[in-house]
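This report describes a protein model in running text, with one table. The sequence and structure are shown first.

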Amino acid sequence: MACFERASPALKDILLKLYRAEKPMEIDHQLYEFGSVQYHIQSSASDPHHTYLSISTPLLSQGALLSDRLSHATIEMIKGVGSNAVDIVEPAKEGYHLTLRLNFSKIPRDKESVKVITQISAMQAVIISSQLKEMLQNVNSQVTLHGMHKPIKLVYHPREPFFVIRQPQKIIAVFPIRFKENSDVIIATAFFQELMDVGSSQEWAKAPPCIWSPIPPPELRGETFEDLSTNGGFVSFDIYSRHVEGKRLDKTVWSLLNFYAYVKSHIKCTRGFIQRRMRKRLESLVKVLQKASSEEEEEEEQFGKDQDAGCNYMRKLVSLPKSKILKRRYGVLSRKIKRIRFRIKIHGFGRFRRRWLRFPKFSSSMGYTKLD
């Protein structure tokens, strides 16, 4: 997988350290980066003016046609980037595709020095993009070649090949998408559909048109079943002449080489975002449940206290004699009547009651005799 940064950050730090060193440094260091990229930096105190840099990187090969040698076009591109401080050593060191001899004394001691060393650290990007640049530069070629409509399989990573189909006035780049996890397929499908919607808008009319399909496009008919068996579908980009003019060529090539890396990075970030949202949601639900359980416990405790108080009151009532219970009830009833009487006051009602609401006195015909 290609990296988003053209220049290797680790290689750049080592070269800047050698460039800024006041005394010659003895160094023999091997550096490995993701994507099977390997660097070997050698510097000797006996030869303080020269540092040797060897680079090994997977080449952008056409299908199974593997070559350990760089093409003539790639060598010319490297010479154009290297400036006067870089020389190509022939043959390259065994096990590497390219060996460069760096002369730090020819690098100017100003702000340009960082720019030159950054360009040297990006040699790996120049190597892998040179072949695709050569293909895209001929997008407007009017020469009819034999089999020009036949897909060209480009392999930078064994599990991430893509196809380039040359057609009149345009070049189609097709990316078969594969994932190990089913959740990644769901996220990627939503992402590709959104990418098509955004690409078809007026704001992005100048960008290469993007098409996603769960089945292989017609241009890939006749390819092997292994290349067409995917679970994430196929993403196609139409490259026109306006996309490869001037400085746009380099940006287009680098975007195509990094498309797999961009998709995987987007899916990884989306998955992490979803997991963080799920954790936050789970934490909020746990807080709600804990609060509800604490309130329920408080209600149960209060109910228990009220129940105990009622039981204690009943025990006291049972333990009291009957005469005291009647007195208490009479006292409560009389207090309620008084409250009712005090709430309602009618002027002259007392005179009316004394005059007209007198209860008659009854005398019983039966006599009662107190027995001693």
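The text below goes from the whole chain to its sheet, its helices and one enclosed strand.

**Overall**

The model is predicted. The protein has 372 residues, and 33% of them count as buried. Ten helices and eleven strands are found in it. Its accessible surface amounts to about 26,200 Å², with 56% of this belonging to carbon and sulfur atoms. Among contacts with a separation of 6 or more, 62% are between residues 24 or more positions apart.

**The five-stranded sheet**

Five strands form an open sheet in the order β1-β2-β3-β6-β5, and their pairing is antiparallel. The edges are taken by β1 (27-33) and β5 (86-88); each has a single partner strand, so one side of each is left without a neighbour in the sheet. On average, neighbouring strands here are turned by 20° against each other, direction ignored. At the β1 edge, seven bridges connect β1 with β2 (residues 37-44) in the antiparallel sense. One of the residues involved is L31, whose bridge partner in β2 is Y39.

**Helix α1 and its surroundings**

Helix α1 (residues 9-20) lies across four strands of this region, namely β1, β2, β3 (47-56) and β6 (98-103), and runs at about 160° to β1. Its twelve residues should span 16 Å at 1.5 Å a residue, and its end C-alpha atoms are 16 Å apart, which agrees. L11, I14, L15, L16, L18 and Y19 are the buried residues of α1. These buried residues pack against β1, β2, β3 and β6, and also against helix α3 (112-121).

K12 also belongs to α1, but K12 is partly exposed, its relative accessible area being 23%. The cut-off for buried is under 20%, so a residue at 23% is not counted as buried. Leaving aside residues up to four places away in sequence, K12 touches V114, I117, T118 and S121. For K12 and S121, the sequence separation is 109 residues, while the C-alpha to C-alpha distance is 5.6 Å.

**Helix α5**

Helix α5 (residues 182-199) has 18 residues and reaches 26 Å from its first C-alpha to its last, close to the expected 26 Å. Within α5, the buried residues include D184, V185, I187, A188, F191 and F192. Viewed down the helix axis, the buried residues of α5 fall within an arc of 165°, so they line one face of the helix. N182, I186, E194 and D197, on the other side of α5, are exposed.

**Strand β11**

Strand β11 (residues 234-239) has six of its six residues buried, so it is largely enclosed by the rest of the structure. Both of its faces are covered: F234, S236 and D238 are buried on one side, and V235, F237 and I239 on the other. The table lists two strands that pair with β11.

| Strand paired with β11 | Sense | Bridges | Residue pair |
|---|---|---|---|
| β9 (residues 170-176) | antiparallel | six bridges | P176 opposite F234 |
| β10 (residues 210-213) | antiparallel | four bridges | C210 with F237 |

In general, strands of a sheet pair through backbone hydrogen bonds, either parallel or antiparallel. For β11, the pairing with β9 is antiparallel, and β10 also runs antiparallel to β11.

Notes. Residues numbered from 1 in each chain as written. Predicted model: local features only at pLDDT ≥ 70, side-chain atom pairs only at ≥ 80, totals over all residues. Heavy atoms only, no water. Helix = DSSP H or I, 4+ residues; strand = E, 2+ residues; numbered from the N terminus. Expected span 1.5 Å × (residues − 1). Buried < 20%, exposed > 50% of the residue type's maximum accessible area, 1.4 Å probe, protein only. Arc of directions from axis to C-beta. Pairing = 2+ DSSP bridges. Axes fitted to C-alpha atoms, helices over the stretch in contact; angles between N-to-C directions. Contact = heavy atoms within 4.5 Å. Areas by Shrake-Rupley, 256 points an atom, 1.4 Å probe, with all protein chains shown as cover.
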